[in-house]
Amino acid sequence: EFGGASIEALAIGVPVVAFAVGGLQEILRGVTPELLIPAEDTHTLITRAKEVLAGHHAKKVHPARLRAYVEGRYTPSAMCARTLDLYQSAHGNSTKPARVGSR
């Protein structure tokens with residue numbers, strides 16, 4: 001799974017403690033890498049979740065910080081800009097659109 005539920009949680013300011021698998025690695029390593037837990041390490045997952053609930057990661061998981069991260073990376077406008085950048089990069093870093101029918 002891509003990790004859409006984690007993006008939704010971050011968007012409303014809720015921190016995510018998760019196993020470092022699939023899309024969760026890509027999403028969370030940029031905002032709260034310390035909350036990514038090695039796969040199948042259930043003990044550490046539970047410990048880290050308790051730490052978050054106790055406020056030990058309050059500065060890193062501040063709701064405004066989490067929301068800003070999502071707004072900068074996963075809103076439709078941010079995704080569109082990143083996609084356009086990728087296309088422009090693949091087209092030789094040109095900032096001008098290619099003309100249809102040109103060789």
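The largest nonpolar core here has 17 residues, and the ones touching the most other members are Leu10, Val16, Ile27, Leu28 and Tyr74. Three elements give it two or more residues each: α1, α2 and α4. Keep in mind that this is a predicted model. The notes below start with the overall layout, then go through the core helices and a few residues in the loops.

**Overall layout**

- The chain has 5 helices and 2 strands, and reading along the sequence you get the pattern α-β-α-β-α-α-α.
- Out of 103 residues, 26% count as buried.
- Take the contacts in the chain with a separation of 6 or more: 42% of them come from residues 24 or more positions apart.
- The accessible surface adds up to about 7100 Å², and carbon and sulfur atoms hold 60% of that.

**Helix α1 (residues 4-11)**

- Which residues of α1 are buried? They are Ser6, Ile7, Ala9 and Leu10.
- Looking down the axis of α1, these buried residues fit within an arc of 160°, so they line one face of the helix.
- Ala5 and Glu8 sit on the other side of α1, and they are exposed.
- The buried residues of α1 pack against two other helices, α2 (22-28) and α4 (63-73).
- Leu10 turns up twice: it is one of the buried residues of α1 and among the core residues that touch the most other members.
- Just past the end of α1, Gly13 has a positive phi of about 85°.

**Helix α4 (residues 63-73)**

- The buried residues of α4 are Leu66, Tyr69 and Val70.
- Seen down the axis of α4, they fall within an arc of 95°, so they too line one face of their helix.
- Glu71 and Gly72 are exposed, on the face of α4 turned away from its buried side.
- What do the buried residues of α4 pack against? They pack against α1 and α2.

**How α1 and α4 meet**

- Two packed helices are described by the angle between their axes and the distance between the axes.
- For α1 and α4, the angle is about 125° and the axes are 7 Å apart.
- That angle falls outside the parallel, antiparallel and perpendicular ranges, so α1 and α4 are oblique to each other.
- From α1, the contact is made by Ile7, Leu10 and Ala11; from α4, by Leu66, Arg67, Tyr69 and Val70.

**Helix α2: Ile27 and Glu26**

- Ile27 is one of the core residues that touch the most other members.
- Which residues does Ile27 contact, leaving aside neighbours within four places in sequence? The list is Phe2, Gly3, Ser6, Ile7, Leu10, Tyr69 and Tyr74.
- Glu26 lies in α2 as well, but this one is partly exposed, with a relative accessible area of 38%.
- With neighbours within four places in sequence left out, Glu26 is in contact with Tyr69, Arg73 and Tyr74.
- Glu26 and Phe2 are 24 residues apart in sequence, yet their C-alpha atoms are 8.9 Å apart in space.

**Loop residues: His57 and Glu34**

- Where is His57 found? Look in the loop between α3 (42-53) and α4.
- Is His57 buried or exposed? Its relative accessibility is 15%, and since buried means under 20%, His57 counts as buried.
- Beyond its neighbours within four places in sequence, His57 is in contact with Glu34, Leu35, Arg48, Glu51 and Val52.
- Glu34 is in another loop, the one between α2 and β2 (36-37).
- At 22% relative accessible area, Glu34 is partly exposed.
- Besides His57, Glu34 has Arg48 and Lys60 as contacts, again leaving aside neighbours within four places in sequence.
- Glu34 and Val17 are 17 residues apart along the sequence, and 8.7 Å separates them from C-alpha to C-alpha.

**A backbone oddity: Glu40**

- Most residues other than glycine have a negative phi.
- Glu40 has a phi near 70°, a positive value in a residue other than glycine.
- Glu40 is in the loop between β2 and α3, and with a relative accessible area of 74% it is exposed.

Terms used. Residues numbered from 1 in each chain as written. Predicted model: local features only at pLDDT ≥ 70, side-chain atom pairs only at ≥ 80, totals over all residues. Heavy atoms only, no water. Buried < 20%, exposed > 50% of the residue type's maximum accessible area, 1.4 Å probe, protein only. Helix = DSSP H or I, 4+ residues; strand = E, 2+ residues; numbered from the N terminus. Arc of directions from axis to C-beta. Contact = heavy atoms within 4.5 Å. Core = buried A, V, L, I, M, F, W, Y, C linked by side-chain atoms within 4.5 Å. Areas by Shrake-Rupley, 256 points an atom, 1.4 Å probe, with all protein chains shown as cover. Axes fitted to C-alpha atoms, helices over the stretch in contact; angles between N-to-C directions. Parallel < 35°, antiparallel > 145°, perpendicular 65-115°, else oblique.
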